Amino acid sequence: MRAGHYGAAWAIAQATLEARDPASRDDPSLPYHLRWVWDGSDVRGRDVLVRCYHGLGDTIQFARYLPLLAERARSVTIEVQPRLLDLLARAGPIGRLVPFDPEAPLPRSECDIEITELDLALRTPPEAVAIPYLQASRAVLPRGTIGLCHSAGDWVADRSVPANLFKSFCGIASCITLTPAPTALPVLNPKGCPFDIGATASLVAGVDLVITVDTMIAHLAGAMGKPTWLLLKADPDWRWPPRAATSGWYPSMRLYAQPWAGDWTPVVERVARDLAARAERREDGR
């Protein structure tokens, strides 16, 4: 998947599905993100329940496939994280949206599938889906404002960048933080971004550029077609090729990977140079 060899990746995934013990399907003894729910069967002409068992970023990344699924299935129900309900409601005819309650998940449908398996089920590479596929109203911000997100949260702490390293960006352009916490950075919203996906999406829509670590904000900005510079650890996960400058998942995204593990300084310096060059081009009208 990282290399873009989707056919080969899907063949491996299909073989993995076929080797699973059906008795272990949707095992309630496992955390939701470790469960499997799809048996590999065809989705066409069936009542499909899409379960969003992973993170917000995963749901946003694979939501691109929901309109195509809705065209092929008889009906589609999406059991989605409540924080994403309003955002996905604007994504067009994708099916019925239901908030996911971990204490009371929906009963099985004719065909259950985890949202991150839709590319395999539909045999559709990410480049086949038009971007943007998510929309939001634009927040009113000064022209040229840049959105910053330095934190990936506690789940994957090694993706985060110390906030003070982003300070140089604030000296080049007007900035806001897209992290839902107070910050000492000289940004327009030092109290932080609202803990609300709709409000966050509106801020993303209103900025000129997003500079972020590998977290939900990256997927949100990419899905909205916003120019996005993504800072990656030296060995990122399967989504991001560390030696590439671009992403097949999000054509508006530029990748900046650590040259060696644990050191963000070279990455931040590269981003600052490119940001200064970008600002100079804008001043010159180029």
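## A tour, starting at helix H7

Start by selecting helix H7: there, Ile-197, Thr-200, Ala-201, Ser-202, Leu-203, Val-204, Ala-205 and Gly-206 are buried. Keep in mind as you click around that this is a predicted model. H7 covers residues 197–206, and with eight of its 10 residues buried, it is largely enclosed by the rest of the structure. So what covers those buried residues? Show helix H2 (56–62), helix H4 (85–89), E6, E7 and H8, which are among the elements doing the covering.

**Next stop: helix H8**

H8 is on that list, so select residues 216–223 now. Eight of the eight residues here are buried, so H8 too is largely enclosed by the rest of the structure. You can click through them: Met-216, Ile-217, Ala-218, His-219, Leu-220, Ala-221, Gly-222 and Ala-223. Just after the helix comes Gly-225, and its phi is positive, near 75 degrees.

**The five-stranded sheet**

Now switch to a cartoon view and colour the strands. What is the order of the strands in the five-stranded sheet? It goes E6-E5-E7-E8-E9, the pairing is parallel, and the sheet is open. The edges are E6 and strand E9 (253–257), each of which pairs on one side only. From one strand to the next, the twist averages 20 degrees.

Bring H8 back into view: it packs on this sheet, touching E5, E7, strand E8 (228–232) and E9, and its direction makes about 150 degrees with that of E7. Then add helix H9, residues 265–284. H9 lies across E5, E7, E8 and E9, and runs at about 145 degrees to E9.

Zoom in on strand E5, residues 146–149. Are its faces covered or uncovered? Both are covered: Ile-146 and Leu-148 are buried on one side, Gly-147 and Cys-149 on the other.

Here is what E5 pairs with:

- Strand E6 (residues 175–177) pairs with E5 in the parallel sense, over three bridges. Look for Ile-146, which stands opposite Cys-175 in E6.
- Strand E7 (residues 209–213) runs parallel to E5, and four bridges join the two. Leu-148 stands opposite Ile-211 in E7, while the bridge partner of Cys-149 in E7 is Thr-212.

As background, strands of a sheet pair through backbone hydrogen bonds, either parallel or antiparallel.

**The four-stranded sheet**

Move over to the other sheet on the tour. This one is open as well, with four strands in the order E3-E2-E1-E4 and parallel pairing. E3 and E4 are at the edges with a single partner strand each, so one side of each has no neighbour in the sheet. On average, neighbouring strands here are turned by 25 degrees against each other, direction ignored. Select E1 and E4 together: they pair in the parallel sense over four bridges. Val-48 has Cys-111 in E4 as its bridge partner.

**Into the nonpolar cores**

Show side chains now. The largest nonpolar core has 63 residues, and the ones touching the most other members are Val-50, Ile-60, Leu-66, Leu-69 and Leu-134. Which helix gives the most to this core? Our earlier stop, H8, with six residues. Centre on Leu-134 and look for the residues it touches: Ile-60, Leu-87, Leu-88, Ala-91, Ala-223 and Met-224, leaving aside residues up to four places away in sequence. A second core is separate and has 24 residues, including Ala-152, Val-161, Cys-175 and Val-268. You met Cys-175 earlier, opposite Ile-146.

**Last stop: the rings**

Highlight the aromatic side chains to finish. How many aromatic pairs are there in the whole structure? A search finds 11. Pick out Tyr-32 and Phe-100: their ring centres are 5.1 Å apart and their planes are at 90 degrees, so this pair is edge-to-face. Tyr-32 sits in the loop between helix H1 (6–19) and strand E1 (47–51), and Phe-100 in the loop between strand E3 (96–99) and strand E4 (111–114), so the pair ties together parts that are 68 residues apart in sequence. Tyr-32 is buried, with a relative accessible area of 18%, and Phe-100 counts as buried too, at 11%.

Stay at Tyr-32 a moment longer: Arg-35 lies over the face of its ring, 3.9 Å from the ring centre. For another charge over a ring, jump to Phe-195, where the charged end of Arg-83 sits 3.9 Å from the ring's centre. Finally, select Phe-62, Tyr-65, Trp-238 and Trp-249, which ring pairs link into a cluster.

Conventions
Residues numbered from 1 in each chain as written. Predicted model: local features only at pLDDT ≥ 70, side-chain atom pairs only at ≥ 80, totals over all residues. Heavy atoms only, no water. Phe/Tyr/Trp six-rings, centres within 6.5 Å; stacked < 30°, edge-to-face > 60°. Buried < 20%, exposed > 50% of the residue type's maximum accessible area, 1.4 Å probe, protein only. Lys NZ or Arg CZ within 6 Å of the ring centre and 35° of its normal. Core = buried A, V, L, I, M, F, W, Y, C linked by side-chain atoms within 4.5 Å. Contact = heavy atoms within 4.5 Å. Pairing = 2+ DSSP bridges. Axes fitted to C-alpha atoms, helices over the stretch in contact; angles between N-to-C directions.
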